[in-house]
Amino acid sequence: MAMVSVQMSSWMARLDAHDRRLYAAWAYAAARHPLALRGWRAVTHAGSAPATIGAAALPLLGSGAPHAAARGALLTLVIAHVLVQLVKRTVTRGRPSTTGALTLVPDPDHFSFPSGHSSAAMAVALAYGLAFPILLPPLLVVALLVGLSRVVLGVHYPGDVLAGQVIAAGTAVALHLLG
């Protein structure tokens, strides 16, 4: 059993080192120009709580298919959020700023893994995309850009983003299959 623990620890250390190398290569790369920086900040806000809750809840005011899809999007968002917060408070990985890295937007909290913005954007995108398949490609692009923005702006490592997106995707697919 101790051998498995040592192997897992070694594997995690290599994964963490690779994640940090990717971060070093990607962070700030697309945000060097003031106009690009404003664009990436706008993209990252698409994964914020007001934006994702609004996108999930606003169609509740309507009826029919949009109303049903909104219920699914809100449920997906809530479940994915709870899972992300449970993992964040269990893993407690520090954000890049804890190592002295510059952030181009404020850190929303102390923990980096997994990315809540990335999870929220993916949860809403997939919930609506599964309800309305014609919307899936553009919604996925937006969700993926939100994730990339978190790295470009220096607040997450790439693995944080991927983990958040996987949690959201698993939640969305499970709820879709159950629905």
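**Exercise 1.** In this predicted model, determine at what angle helix α5 and α7 pack, and how far apart their axes lie.

*Solution.* Helix α5 spans residues 116-131, and α5 packs against α7 at an angle of about 30°, with the two axes 8 Å apart. Angles under 35 degrees count as roughly parallel, and α5 and α7 are therefore roughly parallel to each other. As for handedness, the crossing in which α5 passes α7 is right-handed.

**Exercise 2.** List the residues through which α5 and α7 make their contact, and sort the contact by class.

*Solution.* On the α5 side, the contact is made by Ser118, Ser119, Met122, Ala123, Leu126, Ala127 and Leu130. On the α7 side, the partners are Val161, Gly164, Gln165, Ile167, Ala168, Ala169, Ala172, Val173 and His176. Sorted by class, the contact of α5 with α7 has 11 nonpolar and 5 polar residues, and no charged residues.

**Exercise 3.** Work out how helix α6 is oriented with respect to helix α7, and describe which residues of the two helices meet.

*Solution.* Helix α6 covers residues 136-152 and helix α7 covers residues 158-178, and they pack at an angle of about 150° with their axes 8 Å apart. Because angles over 145 degrees count as roughly antiparallel, α6 is roughly antiparallel to α7. The crossing of α6 and α7 is right-handed. In α6, the residues Ala143, Leu144, Gly147, Arg150 and Val151 meet Pro158, Val161 and Gln165 in α7. By class, the contact of α6 with α7 comprises 5 nonpolar, 2 polar and 1 charged residues.

Terms used
Residues are numbered from 1 along each chain as its sequence is written. This is a predicted model: local features need pLDDT of at least 70, side-chain atom pairs count only at pLDDT 80 or more; totals for chains, interfaces and linings use all residues. Side-chain values use heavy atoms; hydrogens and water are left out. Axes are lines fitted to C-alpha atoms, for helices over the stretch in contact, and angles run from 0 to 180 degrees between N-to-C directions. Helices (H or I, at least four residues) and strands (E, at least two) are DSSP runs, numbered from the N terminus. Angles under 35 degrees count as roughly parallel, over 145 as roughly antiparallel, 65 to 115 as roughly perpendicular and the rest as oblique. A crossing is left-handed if the near helix is turned anticlockwise from the far one by less than a right angle, and right-handed if clockwise. Contact means heavy atoms within 4.5 Å. Ala, Val, Leu, Ile, Met, Phe, Trp, Tyr, Cys and Pro count as nonpolar, Asp, Glu, Lys and Arg as charged, and the others, Gly among them, as polar.
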